[in-house]
2 protein chains.
Amino acid sequence: MTITFREAEPRDVAAIVAMLADDMLGAARETVSDPPDPRYFAGLEAIRANPHDHLILAEQDGEVVACAQLTFLHGLSRQGAVRALIEGVRVASSARGGGIGAELVAHLVAMAREGGAAMVQLTSDKSRTRAHAFYERLGFKGTHLGMKLDLTGG
Amino acid sequence: MTITFREAEPRDVAAIVAMLADDMLGAARETVSDPPDPRYFAGLEAIRANPHDHLILAEQDGEVVACAQLTFLHGLSRQGAVRALIEGVRVASSARGGGIGAELVAHLVAMAREGGAAMVQLTSDKSRTRAHAFYERLGFKGTHLGMKLDLTGG
């Protein structure tokens with residue numbers, strides 16, 4: 001059971017959307033259709049066009065079983081430190097409990113380190129307490145409050 | 001007392017570093033020198049080279065009094081929604097208490113909306129309780145835990 005990692009391509013969009021929707025919070029937010037909604041392809045194209053942005057897939061036996069996004073952020077704070085942002089970590093429900101999520105996050109952390117990042121950051125909904133424990137086991141510290149402003153309401 | 005906003009340029013680096021260092025958490029993290037450390041200029045150049053990234057300054061009477069960074073993030077989640085990330089909001093100590101921070105954040109939120117973002121997100125150190133109340137007054141909701149992994153330790 002070897003897990004391999006690669007950048008997402010347009011042919012992967014249906015599998016990625018299925019994973020995004022197969023989640024307690026994602027189910028209400030995503031649109032699952034065949035073919036997938038064009039907005040998902042546009043999102044992937046924007047990521048692929050940005051050299052600082054990576055949508056990474058984990059494959060097991062030739063099948064996509066997890067995804068996550070890694071974005072390098074440049075800035076002046078902390079003496080011009082580069083930071084890496086992890087977003088949208090999802091493991092297919094059929095593949096959960098086998099350590100794939102931890103392997104995927106470890107792969108992203110290695111990518112961040114190779115890319116010169118001084119820090120990796122992420123936010124996780126306060127209701128995802130199991131995810132918080134998962135990230136703490138990987139060395140993350142929950143030092144910050146994550147705040148969001150919805151612009152779609154009005 | 002009109003406040004104007006513009007993108008940061010290399011000539012602003014010293015003023016920006018002074019604001020980053022003039023902060024309870026930033027004081028220990030930054031290096032203040034004349035001329036500024038080259039890493040700060042490199043950080044600004046990386047922002048200026050990225051069309052999704054903006055370091056915005058607030059000016060009052062021709063003087064830089066606040067800064068903040070706005071980065072557009074593309075993704076597949078939420079039907080390919082674009083999000084905007086706010087980082088490094090700092091107001092010069094001499095200019096605090098006059099509402100400049102709120103005007104600056106409102107300007108960034110307007111930029112995010114014009115750029116097609118569905119959401120604005122930020123994280124704030126848990127110790128910055130006054131900042132949390134400030135963002136709540138602007139409509140942000142503290143729904144997430146912000147987690148960080150330091151890669152500089154070993």
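## Reading a two-chain model

Every interface residue of chain A, 100% of them, is also an interface residue in chain B, so the copies meet through the same surface (contact means heavy atoms within 4.5 Å).

Student: What should I know about the origin and numbering of this model?

Tutor: This is a predicted model, in which local features need pLDDT of at least 70 and side-chain atom pairs count only at pLDDT 80 or more, while totals for chains, interfaces and linings use all residues. Residues are numbered from 1 along each chain as its sequence is written, chains are lettered from A and ligands numbered from 1 in the order in which they are written, and side-chain values use heavy atoms, with hydrogens and water left out.

Student: What pLDDT does chain A average?

Tutor: pLDDT is the predictor's confidence in each residue, from 0 to 100; chain A averages 95, with 99% of the residues scoring at least 70, and the model has an ipTM of 0.94 and a pTM of 0.95.

Student: By what turn and shift can chain A be laid on chain B?

Tutor: Copies are superposed by least squares on the C-alpha atoms of residues with pLDDT of at least 70 in both. Here a turn of 180° with a shift of 0.0 Å along the axis lays chain A on chain B at an RMSD of 0.0 Å, which is the relation of a two-fold axis.

Student: Which residues of helix H5 of chain A are buried, and which are exposed?

Tutor: An α-helix has 3.6 residues a turn, so residues three or four places apart point the same way. In H5(A), residues 129–137 (helices, H or I of at least four residues, and strands, E of at least two, are DSSP runs numbered from the N terminus), the buried residues are Ala131(A), His132(A), Phe134(A) and Tyr135(A). Seen down the axis of H5(A), these fall within an arc of 160°, so they line one face of the helix; the arc is that of the directions from the helix axis to the C-beta atoms. On the other side, Thr129(A), Arg130(A) and Arg137(A) are exposed (buried means under 20% relative accessible area, exposed over 50%, partly exposed in between, with a 1.4 Å probe and protein chains only).

Student: What covers the buried residues of H5(A)?

Tutor: The cover includes strand E4 (82–91), helix H4 (100–114) and strand E5 (117–125) of chain A, together with strand E6 (141–150) of chain B.

Student: Where is the cis peptide bond in chain A?

Tutor: Most residues other than glycine have a negative phi, and most peptide bonds are trans. Asp34(A) and Pro35(A) are joined by a cis peptide bond with omega of about 0°, and Pro35(A) is found in the loop between helix H1 (13–21) and helix H2 (38–48) of chain A.
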